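Reader: I have a structure in front of me and would like a close look at a single part of it, taken slowly and with the residues named. Please start with one sheet and what packs on it, and then place it beside the rest as far as that can be done.

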Protein chains: 2
Amino acid sequence: MEKEIDFERIKELLESKSFGEIKKILVDMNPADISQLFEEISEDECLILFRLLPKELAAESFVYFDSDIQEKLINDFSDKNLREILDELFLDDTVDIIEEMPANVATRILNNCTDPAKRREINEILRYPEDTAGSIMTVEYVRLKKTMTVKEAFDTIRSTGLDKETVYTCYVTDANRHLEGIVSVRTLLLSPYEAKIKDIMETNIIYVTTTEDKEEVAKQFNKYDLLAIPVVDKETRLVGIVTFDDAIDVMEEEVSEDFAKMAAITPPEDSYFKESVFKHAKNRILWLLILMVSSTITGIIITNYQEAFQNVPVLIAFLPMLMDTGGNCGAQSSTMIIRGMALDEIKLKDFFKALFKEMRIGLLISAALIAVNTIRVLIFNYNEFYMSLILGITLFCTVIIAKMLGCCLPMLAKLLKLDPAIMASPLITTIVDCCTVIIYFSVAVAILPIFTNLTF
Amino acid sequence: MEKEIDFERIKELLESKSFGEIKKILVDMNPADISQLFEEISEDECLILFRLLPKELAAESFVYFDSDIQEKLINDFSDKNLREILDELFLDDTVDIIEEMPANVATRILNNCTDPAKRREINEILRYPEDTAGSIMTVEYVRLKKTMTVKEAFDTIRSTGLDKETVYTCYVTDANRHLEGIVSVRTLLLSPYEAKIKDIMETNIIYVTTTEDKEEVAKQFNKYDLLAIPVVDKETRLVGIVTFDDAIDVMEEEVSEDFAKMAAITPPEDSYFKESVFKHAKNRILWLLILMVSSTITGIIITNYQEAFQNVPVLIAFLPMLMDTGGNCGAQSSTMIIRGMALDEIKLKDFFKALFKEMRIGLLISAALIAVNTIRVLIFNYNEFYMSLILGITLFCTVIIAKMLGCCLPMLAKLLKLDPAIMASPLITTIVDCCTVIIYFSVAVAILPIFTNLTF
């Protein structure tokens, strides 16, 4: 992957203040790599190196920086510096930066947007609720008229394209900005210069509305392999486009959120090291408390069977195995169902199909687990045939119930318009534990009197 | 999102054999939507509808179909039909299809590639090991020479572009196919016709080698916001490109694999409903058995403290709460670390930084859990002050150990070149359970004699 960048060499040059040397290395670097370098050096060094970058590369790199470094740099900029950077930025990137800044810095950025039209557009995007298509779109795109020829279209792209984030898909609108068609640069390149846009444009358009959930927008990109998707208002007037790089960011974000929720964590707002210890603890404590208090129910149930395990203490020895196995079985099913629903492989209408499938998987798995467990119990606890019977029945019921719950609960959450990801391992483990303990001790007190002289 | 497609209406039309009507609807549909429709109708109906599609749309939709439907259709095609479809397909899509087909169908596809050069290229890509950049690349791209002018470049794109999957990035090579630069269509559009390619091309190129892991390739796309990435051989000769749609597929696949591994499942090869019940059970049983057998260690440890819980049965009542809380704490930390490493936010060299962070989070969390638990125990088990002491000490140790293990084990896995995702909730729960039980009963037998007349 490209020529290896020697960060250590740059750090040495920084120590010896060989800025001329550093500049030579920097100008050949990619913005994403410059951002990576900036994360490894001190903030003061960032300020120095940033001044070494040529204007265009400085602006391109600025977008990739961490918001901390961006804030530090903005505070260090003169208004003139700031305006120079802002002029080079795409509109949606500017909006992203403003959203991360404290109020005073955000105001300063807006005040330094010299173009009133641009300032108005930024303010409009900032007004869209978070998580909507409107909040991640850009209003910079190439707009064509259907009466244009291919030649005129190219002239339009040439004259306006430098400022537009995606020039590869052009949007055809009428006088009222109603979206009439799209035409790709590829189609333009392959059409004769005198062809009319209206004859070559695609009218079967995939679009989203400004209020669409951004997760849905990302799904459209994936489904249709898009480079950009047009965003329209309620009257189907074109107001912006979302580009594929932003869609990929949304996909990553949603996956991280799912991972967090499935581990009983409130999704963090920042990267691991940037989120404070206190915030991390806050994100994790709520579910831990809920689950801790819930699991005392299992404890209360156990207390009811005190007599049984005081007389047959070996019953307790198998409790961790049964609880762990039940929890793992439930976690497996819920993870498969949650991921399947996220990928639209499993829909709500497939409920009974999925449930039937999990039930059959449960049957196969419980058969295997019972076989291995029985052999083990007969070898190591050879005098306790009744234990393998109790464990066998309990394993069977636990596995089936765990698989069923793991299938039902995420789908129930979806039906209730909750995020299925909350119905993952931790919550299901707690519920399955409760069922496991009830089944185990009920079976035990029913079977023990048959094989021993105990009565309950 | 685009005009709603009425699948029910099409199904009704299918029943009444109104093929003329259906054809009118189909020609306006998007390939991805046609594929969705085909999944909801019978295979015989697929064969009928496919014949109604215009040739180009048929080929475009074919790529989106499920491999089952593709196989059924290929078996139904005459050799002439098959050749017509193959002629319209991009090379990397053809390779994807061949990889999913049984041997006899794959051979038939290759035999019907009329162009020997194309057949040779397909065979070459098929030889790259799975999971490498070579296996997902296409050899169709626009190649320019650095002595060309912009005008000549456009002529080259026009004459060859129709067959090339991505025309938006063009690759500049020398006579030996060594990659010398890249130039985007955007740059071409914004340059004067007489400019030379060598003056406008980008020479600071991000590329991968054919043997690079495809997950790494996808990461490059994300880091640098690329549309396509060039793939070179060991002598840095350009052999192909990977396009962003394939990179997105790889990202999704990797995420699904991580989800599966983190739930103790061998990643399935197919979508949820396509994978058979037997395969699902097989994917899940191995880890269940390993974990089931491991958790008996916890059981053996408990047996050693038989005397304690026979005398103080309430000890057992808190066991589920302690085990669940420990497991959840470990799962939270390991999930955060695993995801952080997948996103490159956490690197191996950050080991002590992460460990220190998890320790501090553990301190805060254990304080909160102990506070709530003590209040609860004092209210409901008011006569057992010593229980709240035993539980407090155990919770403190368990939470800290769980957070530490959740941090260390995934990083250890990475160090050993294993996938960190296997060190997730199920395995960590089992290990933490074991620690919890040891701590709990050790603390109990140390403290109980002080407050009661029991000795152990």
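Author: What follows is a walk through one sheet of chain A, and then through some parts of chain B.

The model is a predicted one, and the description should be read in that light. In chain A, three strands form an open sheet in the order 4-5-6, and the pairing within this sheet is mixed. Its edges are strand 4 (208-209) and strand 6 (238-243) of chain A, each of which pairs on one side only. Strand 4 of chain A runs parallel to strand 5 (residues 228-232) of chain A, and two bridges hold this pairing; A:Val208 has A:Val231 in strand 5 of chain A as its bridge partner. On the other hand, strand 5 and strand 6 of chain A pair in the antiparallel sense, over five bridges, and here A:Val232 stands opposite A:Leu238 of strand 6. Both kinds of pairing belong to a general pattern, in which the strands of a sheet pair through backbone hydrogen bonds, either parallel or antiparallel.

Strand 5 and strand 6 of chain A form a hairpin with five residues between the strands, and in this hairpin A:Thr236 takes a positive phi near 50°.

How many of the five residues of strand 5 of chain A are buried? The count is five of the five, so strand 5 of chain A is largely enclosed by the rest of the structure. Both of its faces are covered, with A:Ala228, A:Pro230 and A:Val232 buried on one side and A:Ile229 and A:Val231 buried on the other.

Two helices of chain A can now be added to this picture. Helix 15 (residues 214-224) of chain A packs on the sheet and touches strand 4, strand 5 and strand 6 of chain A, with a direction that makes about 140° with that of strand 5 of chain A. Helix 16 (residues 244-262) of chain A lies across strand 5 and strand 6 of chain A, and runs at about 65° to strand 6 of chain A.

Chain B also offers a sheet to set beside this one. It is an open sheet of three strands in the order 1-2-3, again with mixed pairing, and its edge strands are strand 1 (142-144) and strand 3 (179-184) of chain B, each pairing on one side only. From one strand to the next, the twist averages 35°. Strand 2 (residues 169-173) of chain B and strand 3 of chain B run antiparallel and are joined by five bridges, with B:Thr169 having B:Ser184 in strand 3 of chain B as its bridge partner. Helix 12 (residues 150-160) of chain B packs on this sheet, where it touches strand 1 and strand 2 of chain B, and its direction makes about 150° with that of strand 1 of chain B.

Elsewhere in chain B, the packing is between helices. The buried residues of helix 4 (residues 43-52) of chain B are B:Cys46, B:Leu49 and B:Phe50. Seen down the axis of helix 4 of chain B, these residues fall within an arc of 105°, so they line one face of the helix. They pack against helix 2 (19-26), helix 3 (31-40), helix 5 (55-64) and helix 6 (67-76) of chain B.

Helix 5 of chain B in turn packs with helix 7 (residues 79-88) of chain B at an angle of about 75°, with their axes 9 Å apart, and that makes the two helices roughly perpendicular. In this contact B:Lys55, B:Glu56, B:Ala58, B:Ala59 and B:Phe62 of helix 5 meet B:Glu84, B:Ile85 and B:Glu88 of helix 7; by class, there are four nonpolar, no polar and four charged residues. Helix 7 of chain B also holds B:Asn81, which counts as partly exposed because 17 C-beta neighbours lie inside 10 Å.

Finally, the two chains meet, with 93 residues of chain B in contact with 92 residues of chain A. Helix 17 (residues 277-304) of chain B gives the most to the side of chain B that touches chain A, with 17 residues, and by class that side has 54 nonpolar, 24 polar and 15 charged residues.

Technical notes: Residues are numbered from 1 along each chain as its sequence is written. Chains are lettered from A and ligands numbered from 1 in the order in which they are written. This is a predicted model: local features need pLDDT of at least 70, side-chain atom pairs count only at pLDDT 80 or more; totals for chains, interfaces and linings use all residues. Two residues are in contact if their C-beta atoms, placed from the backbone, lie within 7 Å. Helices (H or I, at least four residues) and strands (E, at least two) are DSSP runs, numbered from the N terminus. Ala, Val, Leu, Ile, Met, Phe, Trp, Tyr, Cys and Pro count as nonpolar, Asp, Glu, Lys and Arg as charged, and the others, Gly among them, as polar. A residue is buried if 20 or more other C-beta atoms lie within 10 Å of its own, exposed if 12 or fewer, and partly exposed in between; C-beta atoms are placed from the backbone. The arc is that of the directions from the helix axis to the C-beta atoms. Two strands pair if DSSP finds at least two bridges between them. Axes are lines fitted to C-alpha atoms, for helices over the stretch in contact, and angles run from 0 to 180 degrees between N-to-C directions. Angles under 35 degrees count as roughly parallel, over 145 as roughly antiparallel, 65 to 115 as roughly perpendicular and the rest as oblique.
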